[in-house]
Amino acid sequence: MQISAEDVKTLPIDFGTEQSPASVGVVRGNFQAQLSQLVAQKKAKVIMAPRVTTINNLTASLGTSTSRPAVIGVKGEDGAFRPLFDSTSQNKNSRLLLGTSFQFTVTPTINADDTVTLFVTPSQTLQLINSQNKDEPLWSQQLNGARIIANVRDTDTLAVTGLTSRLFSELEIDPKAPVYNVVLFVTPRIIRRAGVDDVKPVALQR
């Protein structure tokens with residue numbers, strides 16, 4: 001979800017006593033109404049809301065991708081960006097596109113006390129794409145973020161803050177692209193099959 005850091009503070013999220021740039025907390029109470037109100041006020045925006053079902057200890061992936069006209073240039077010693085090619089001013093059919101994809105891999109482990117330990121790894125991939133041949137990118141780079149580990153109860157919602165639309169500063173390729181704050185909400189739900197105790201699928205809702 002796209003939401004400002006200040007508005008995140010108004011939500012009932014328990015981060016404990018320690019917080020870091022990428023903080024992990026558990027949502028308390030009914031926060032859906034507050035989120036809906038922020039969305040209605042255009043203070044928040046749902047980027048994606050998939051429902052994924054996976055087996056205990058198997059990895060599920062949540063992701064989204066976009067593309068936009070690319071701006072190619074160099075950054076000088078003074079830190080200033082100097083464009084060499086700006087495809088936003090070119091003919092639409094000859095544009096170079098910058099493809100951006102964000103992915104979160106989530107691996108759930110169901111514990112004996114029916115809590116769920118989640119292993120979450122964010123990643124970002126950038127690709128320079130010829131709009132006339134999108135299947136073969138001209139350039140591609142992927143970086144993985146730090147692994148996040150959290151233990152929550154069944155149906156509790158986990159909130160991961162401190163993320164932005166530009167996850168990694170090493171991939172600052174387009175200074176014109178807006179940067180916004182992102183919060184990841186994950187709600188694990190244990191689904192049990194009648195008469196099968198050793199198979200425990202977990203549905204992950206973002």
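These are my notebook entries on a predicted model of one protein chain.

**Entry 1: confidence**

I started with how far to trust the model. The chain has a mean pLDDT of 78, and 78% of its residues reach 70 or more. I marked residues 168-172, where pLDDT stays under 50. For that stretch the model has 13 contacts beyond four places in sequence, and I will read those with care.

**Entry 2: the whole chain**

Next I looked up the overall make-up. I found 2 helices and 15 strands. The chain has 206 residues, and 39% of them count as buried. I then checked how the contacts are spread along the sequence. Among contacts with a separation of 6 or more, 63% join residues 24 or more positions apart. The accessible surface comes to about 11,800 Å², and carbon and sulfur atoms hold 48% of that area.

**Entry 3: strand β10 and its partners**

I gave β10 a page of its own. It spans residues 115-130 and is mostly covered, with 14 of its 16 residues buried. Which strands pair with it? I noted β9, β12 and β11.

- β9 and β10 run antiparallel and share 15 bridges; here F102 has Q124 as its bridge partner.
- β11 covers residues 139-144 and pairs with β10 in the antiparallel sense over 6 bridges; Q124 stands opposite L143 there.
- β12 is joined to β10 by 6 bridges, again antiparallel; T117 has N151 as its bridge partner in that strand.

So that I do not lose it, I am writing Q124 down twice: it is a bridge partner of F102 and stands opposite L143. I also looked at the turn of the β9 and β10 hairpin, which has 4 residues between the strands. D114 takes a positive phi near 70° in this hairpin.

**Entry 4: T125 up close**

Staying in β10, I clicked on T125. Is T125 buried or exposed? T125 is buried because its relative accessible area is 14%, under the 20% cut-off. Its side chain makes a polar contact with the side chain of Q142 at 3.4 Å. Leaving out neighbours within four places in sequence, I listed G99, T100, S101, S140, Q141 and Q142 as its contacts.

**Entry 5: the nonpolar cores**

Then I turned to the packing. In soluble globular proteins, nonpolar side chains tend to be buried together. The largest nonpolar core here has 21 residues. The members that touch the most others are L118, V120, L158, V160, L163 and L184. I traced where this core comes from: β6 (60-69), β9 (96-110), β10, β12 (148-153), β13 (157-164) and β14 (181-190) each supply at least two residues. β14 gives the largest share, 4 residues. Another core, of 14 residues, lies apart from this one; I13, L35, L38 and A159 are among its members.

I followed up on L163. Beyond four places in sequence, L163 touches F104, Y180, N181, V182 and L184.

**Entry 6: strand β13**

L163 led me on to β13, another mostly covered strand, with 6 of its 8 residues buried. Which strands does β13 pair with? I found β3 and β14.

- β3, residues 24-27, pairs with β13 in the antiparallel sense over 4 bridges, and V26 stands opposite L158.
- β14 pairs with β13 in the antiparallel sense over 5 bridges, and T164 stands opposite N181.

I like that L158 turns up both opposite V26 and in the list of best-connected core members.

**Entry 7: positive phi in two loops**

Last, I checked backbone angles in the loops. K42 has a phi near 60°, a positive value in a residue other than glycine. It sits in the loop between α2 (32-40) and β4 (44-45). Why does K42 count as exposed? Its relative accessibility is 79%, and the cut-off for exposed is over 50%.

N57 also has a positive phi without being a glycine, at about 75°. I located N57 in the loop between β5 (51-55) and β6. With a relative accessible area of 45%, N57 is partly exposed.

Note on methods. Residues are numbered from 1 along each chain as its sequence is written. This is a predicted model: local features need pLDDT of at least 70, side-chain atom pairs count only at pLDDT 80 or more; totals for chains, interfaces and linings use all residues. Side-chain values use heavy atoms; hydrogens and water are left out. pLDDT is the predictor's confidence in each residue, from 0 to 100. Contact means heavy atoms within 4.5 Å. Buried means under 20% relative accessible area, exposed over 50%, partly exposed in between (1.4 Å probe, protein chains only). A polar contact is a pair of N or O atoms within 3.5 Å; within protein, one must be able to donate a hydrogen and the other to accept it, and residues adjacent in sequence count only if both atoms are side-chain atoms. Accessible areas come from the Shrake-Rupley method with a 1.4 Å probe; for residues, only the protein chains shown count as cover. A nonpolar core is a set of buried Ala, Val, Leu, Ile, Met, Phe, Trp, Tyr and Cys residues joined through side-chain atoms within 4.5 Å. Two strands pair if DSSP finds at least two bridges between them.
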